[in-house]
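Me: I'd like to walk through this one chain at a time, starting with the strands. Ready when you are.

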Amino acid sequence: MRRPYLWTLLFLALAVLLSLAIGSVWIPPQDLWGILKGALLKRLPAQLETFAFIVWKIRLPRTLLIALTGAALGGSGTAYQGLFRNPLADPYLIGVASGAGLGAVIAMSIKWPYSFWGLMAIPLAAFVAALLTVLIVYALARVGNSVPTTNLILAGVAFSSFATSLTSFLMLRSTGEVRRALGWLLGGASQSGWLAVLSLLPYLILGLGILVFSGHALNLLQFGDEQAQQMGLNVSRAKSIVLLAASLATAAAVAFSGIIGFIGLIVPHILRLWWGADYRRLLPLSILGGAGALLVMDVFARVVLAPQEIPVGIVTALTGAPFFLWVLRRAKNQGYW
Amino acid sequence: MLKIESLSAAYGQRQVLHEVSLQVGSGEVVALIGPNGAGKSTLIRAISGVIPVTGGQVRTNGDDFASLSPMQRARYLAVVPQVSSLPPAFTVWETVLLGRTPYLNFLGQISQRDEELARRALERADALNLAERRVGELSGGEQQRVLLARALCQSTPILLLDEPTAHLDLQYQVSLLDLVRQLAKDDRLAVLIAMHDLNLAARCADRVALLVEGQIKALGSPQQVLLPDLISQAYGWPVQVVPHPFQDGPLVLPDRNPPHQDLE
């Protein structure tokens with residue numbers, strides 16, 4: 001299959017369309033087109049007004065938030081995999097997501113005003129916690145210069161349950177506002193709305209922007225630190241930059257969309273199977289593919305128990321965990337990565 | 001021209017290299033021999049700057065390597081590592097192009113000239129036919145040629161090889177070393193090869209450096225260094241040295257009997 005960008009973009013476009021069309025009311029694609037045309041021409045047909053309200057106020061911001069979250073998870077998952085030279089690294093599995101969640105809840109339990117600046121502070125706390133988590137897990141899992149899979153996953157899972165318990169404890173102790181965090185933590189876009197999208201955007205542009213340009217460095221790092229340096233890479237600087245950028249993207253995603261696992265594992269893995277291991281291509285593709293994949297799962301989360309919604313984190317875990325086990329077996333049998 | 005001047009290095013408290021001095025001229029192949037643990041790989045790593053040195057200098061044409069960034073250093077000096085755990089999903093072509101890293105901008109954009117140089121490097125390392133293959137599918141000998149091509153693609157005047165024949169079969173050992181020697185002569189490269197096979201060293205090197213416990217014990221032509229006493233003492237096992245039956249140079253043969261007490 002040639003033309004990786006074309007296919008990935010097509011998938012993303014289709015996912016966006018589905019996410020706009022499907023929900024408590026079905027909005028047919030031709031009406032979506034009419035709404036878009038109406039907005040561009042500033043002349044909306046009267047019969048589309050209700051649909052237009054739904055699209056602009058509810059569906060589009062939610063779609064964007066989910067897409068951005070998926071992009072962040074896909075991109076940072078790929079980056080962690082490259083950084084740890086381990087195909088099973090995922091923001092959720094290595095504990096970064098739970099760490100970021102803990103940071104976010106700490107920030108919320110102090111104060112959680114629903115304003116732009118209030119929303120900006122939460123990702124910052126999540127970012128600091130995510131960074132700490134990654135350093136702790138890495139230090140725990142490292143053996144010499146390599147990070148064996150089992151160590152990484154074990155350290156990640158252990159730290160993750162520690163952070164999750166602490167988060168639960170904080171939420172049980174607190175009253176009122178922070179209880180809202182429960183739905184959020186399970187990965188529901190409970191904070192949808194344009195404000196959330198706008199607050200998430202700066203973190204993502206910075207984090208993913210850096211990651212997109214880190215492909216060459218990650219390619220070099222696949223040969224190990226020594227060879228990478230002998231080929232001319234400033235290894236410690238490159239690693240720190242990638243680590244910061246990936247943790248920033250993860251933290252932003254967690255702060256606004258909760259803890260959503262496995263997207264950062266599934267997406268790069270499939271893309272790598274199809275289009276190879278070159279990180280210069282894999283990173284942008286994972287960002288686009290992550291957005292599309294999470295949108296599809298979110299659509300599923302909306303319709304499976306309609307009219308009730310289930311948090312999308314449950315859907316990704318239900319599909320991702322078996323996938324993870326399959327990859328684990330496969331990696332064990334082939335050692336192909 | 002590679003100049004190593006009283007280079008010392010340590011792993012933590014343990015001193016591994018003691019004031020090693022060695023020069024490798026352009027167009028010259030120097031083999032670095034010595035028993036396991038003598039510090040051969042450490043010397044290669046110290047020269048290439050991946051471990052900190054505790055004293056001394058590495059220079060080329062007056063430039064002190066310690067003052068150069070990794071990228072600048074990678075324009076002077078390329079390393080062919082031992083074949084071990086290469087990322088298998090990369091293609092040979094992608095792998096060799098990485099050798100152009102010291103000349104790329106921060107986006108890692110590959111120019112047509114980079115591709116041309118990568119093709120030439122593959123050709124010279126006799127690996128052009130492998131370009132489309134994935135590294136994980138290759139034999140050890142093929143992987144070693146790919147790593148050689150990657151180093152050549154760096155277009156450096158100095159080439160370091162760390163036990164390049166360690167895991168190779170006989171025919172690959174000989175062809176790889178002959179290839180490296182040919183490259184050194186054709187392109188006037190300064191080549192330093194760490195190796196443990198003394199007879200291969202005698203075959204491919206202009207000069208041999210014997211490293212024992214982090215110190216250069218002997219340096220000179222194969223005839224001058226591969227002497228029975230020196231080698232027996234360095235390796236702790238008695239050896240005989242006879243003239244090679246059909247080519248110039250010595251042939252080292254280990255004795256059948258275990259070392260005498262006085263050799264240890």
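Me: How many bridges pair strand E1 with strand E4 in chain B, and in which sense?

Reply: Up front, this is a predicted model, with local features needing pLDDT of at least 70, side-chain atom pairs counting only at pLDDT 80 or more, and totals for chains, interfaces and linings using all residues. Residues are numbered from 1 along each chain as its sequence is written, while chains are lettered from A and ligands numbered from 1 in the order in which they are written. Helices (H or I, at least four residues) and strands (E, at least two) are DSSP runs numbered from the N terminus, and two strands pair if DSSP finds at least two bridges between them. E1(B) covers residues 2-11 and E4(B) covers residues 53-60, and they are joined over 5 bridges in the antiparallel sense.

Me: Which residue of E4(B) stands opposite Ser8(B)?

Reply: Look at where E1 and E4 of chain B run alongside each other, in the antiparallel sense. Opposite Ser8(B) you'll find Gly55(B).

Me: What's the order of the strands in that 4-strand open sheet of chain B?

Reply: The pairing is antiparallel, and the order reads E2-E1-E4-E5. Strand E2 (14-24) and strand E5 (63-64) of chain B each have a single partner strand, so one side of each is left without a neighbour in the sheet. From edge to edge, then, it goes E2-E1-E4-E5.

Me: At about what angle does H1(B) run to E2(B)?

Reply: Angles here run from 0 to 180 degrees between N-to-C directions, with axes fitted as lines to C-alpha atoms (for helices, over the stretch in contact). H1(B) lies across E1, E2 and E4 of chain B. Its angle to E2(B) is about 70°.

Me: Which strands are at the edges of the 6-strand sheet in chain B?

Reply: That one is an open sheet with mixed pairing, ordered E6-E7-E8-E3-E9-E10. An edge strand pairs on one side only, which here picks out strand E6 (77-80) and strand E10 (215-220) of chain B.

Me: By how many degrees are neighbouring strands of this sheet turned against each other on average?

Reply: The direction of the strands is ignored for this number. The average is 20°.

Me: And which strands of this sheet does helix H1 of chain B touch?

Reply: H1(B) is residues 40-48, and its direction makes about 145° with that of E7(B). Touching means contact, with C-beta atoms, placed from the backbone, within 7 Å. The strands are E3, E6, E7 (158-162), E8 (190-194) and E9 of chain B.

Me: Is E7(B) enclosed or open, and how many of its residues are buried?

Reply: A residue is buried if 20 or more other C-beta atoms lie within 10 Å of its own, exposed if 12 or fewer, and partly exposed in between, with C-beta atoms placed from the backbone. Ile158(B), Leu160(B) and Asp162(B) are buried on one side, as are Leu159(B) and Leu161(B) on the other. The strand is largely enclosed by the rest of the structure, because the buried count is 5 of the 5 residues.

Me: Which residue of E8(B) stands opposite Leu161(B)?

Reply: On one side, E6(B) joins E7(B) in parallel through 4 bridges, with Val80(B) opposite Leu161(B). E7(B) also pairs with E8(B) in the parallel sense, over 5 bridges. There, Leu161(B) faces Ile193(B).

Me: What is the radius of gyration of chain B?

Reply: Chain B has 9 helices and 12 strands. The globule rule (2.2 Å times the number of residues to the power 0.38, with the radius taken over C-alpha atoms) gives 18 Å for 264 residues, so chain B is as compact as a globular protein of that length, its own value being 19 Å.

Me: Which element gives the largest share of the side of domain 1 that touches domain 2 in chain B?

Reply: An automatic or database domain assignment sets the bounds, giving domain 1 (2-226) and domain 2 (231-264). Their contact takes 12 residues from domain 1 and 8 residues from domain 2 of chain B. Helix H7 (198-204), strand E9 (207-212) and helix H8 (222-225) of chain B each give two or more residues to the domain 1 side. The largest share, 4 residues, comes from H7(B).

Terms used
Two residues are in contact if their C-beta atoms, placed from the backbone, lie within 7 Å.
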